[in-house]
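Reader: Before we discuss the assignments, I should like each term to be justified by its cut-off. Please show the structure and then proceed.

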Amino acid sequence: YTKQIETQDLILGKAKQEDLESIFNNYWCSEKTAKYMLWVPQKNLQEAQDRLDRTINFQKDHLAFMVYEKKTGQAIGQAGMFEKEPKVFEDMGIGIGEKFVGKGYGKQILKGLVDYIFSELGGETVICSCHTDNIPSAKMQQSCGLKYDHSEMYTREKDNLTYKSDYY
């Protein structure tokens, strides 16, 4: 997989040790951001360091990225996809810190990933999902041309919350 995808305002690149403070402060410590995600917010820099080490290792062999804002160079989120079956890719999550929401960044991330999947990997189908009540995420997916397909119920491991996820 490529090491980098560039959009108008963002760079999707592989995580580095230098990202620790910015990814912790901009993304990983936020309860609000984690509300719709499968991960638990990090409480301190040591927890974030452990997560960063795992992230760096995971991203080596996966279509997974840290999201960097071009104008500041800061790590502001994460994004990734996996090949569910030949030529069918599904999102592993697309997330950015709450102070970066509403700038069109989510749309840039998804379009960047989809363009790469179709043009470089020969993908034919992209599947994305989000909690039913995560309206901004659903609108972002629809604005990128994805259409609602179905919903499924899940129980999240981190807090045993039962929720419905919509698939596009």
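Author: Buried means under 20% relative accessible area, exposed means over 50%, and partly exposed lies in between, with a 1.4 Å probe and protein chains only. The model is a predicted one, in which local features need pLDDT of at least 70 and side-chain atom pairs count only at pLDDT 80 or more, while totals for chains, interfaces and linings use all residues. Residues are numbered from 1 along each chain as its sequence is written, and side-chain values use heavy atoms, with hydrogens and water left out.

Reader: Why is Cys29 called partly exposed?

Author: Its relative accessibility is 32%, which falls between the limits of 20% and 50%, so Cys29 is partly exposed.

Reader: What makes Cys128 count as buried?

Author: Cys128 has a relative accessibility of 2%; this value is under 20%, and therefore the residue is buried.

Reader: Why is Cys128 not bonded to the closest cysteine sulfur?

Author: A disulfide is a pair of cysteine sulfur atoms within 2.5 Å. The closest cysteine sulfur to that of Cys128 is in Cys144, at 8.1 Å, so the two are too far apart for a bond. A search of the whole structure finds 0 disulfides.

Reader: Why is the pair Asp19 and Lys16 called a salt bridge?

Author: The term requires a side-chain nitrogen of Lys or Arg within 4 Å of a carboxyl oxygen of Asp or Glu. The N to O distance between Lys16 and Asp19 is 3.5 Å, so the pair satisfies the definition. Asp19 is buried, at 4% relative accessible area, whereas Lys16 is partly exposed, at 35%.

Reader: How many salt bridges does the structure hold, and what joins Lys84 to Glu90?

Author: The structure holds 5 salt bridges. One of them joins Lys84 and Glu90, whose closest N and O atoms are 3.2 Å apart. Lys84 is partly exposed at 47% relative accessibility, and Glu90 is buried at 9%.

Reader: Which partner in the salt bridge of Arg156 and Asp159 is buried, and how do you know?

Author: The two side chains meet at 2.6 Å, N to O. Arg156 is the buried partner, because its relative accessibility is 5%. Asp159 has a relative accessible area of 40%, so Asp159 is partly exposed.

Reader: What makes Gln78 buried, and what does its side chain contact?

Author: Gln78 lies in strand β4, residues 75–85; strands are DSSP runs of E with at least two residues, helices are runs of H or I with at least four, and both are numbered from the N terminus. Its relative accessible area is 14%, so Gln78 is buried. A polar contact is a pair of N or O atoms within 3.5 Å; within protein, one must be able to donate a hydrogen and the other to accept it, and residues adjacent in sequence count only if both atoms are side-chain atoms. The side chain of Gln78 makes such contacts with the side chains of Trp28, at 2.8 Å, and Arg51, at 3.2 Å.

Reader: Why is the chain called as compact as a globular protein of its length?

Author: The chain has 5 helices and 9 strands. Its radius of gyration is 15 Å, close to the 15 Å that the globule rule gives for 168 residues, so the chain is as compact as a globular protein of that length. The radius is taken over C-alpha atoms, and the rule is 2.2 Å times the number of residues to the power 0.38. Of the 168 residues, 48% count as buried.
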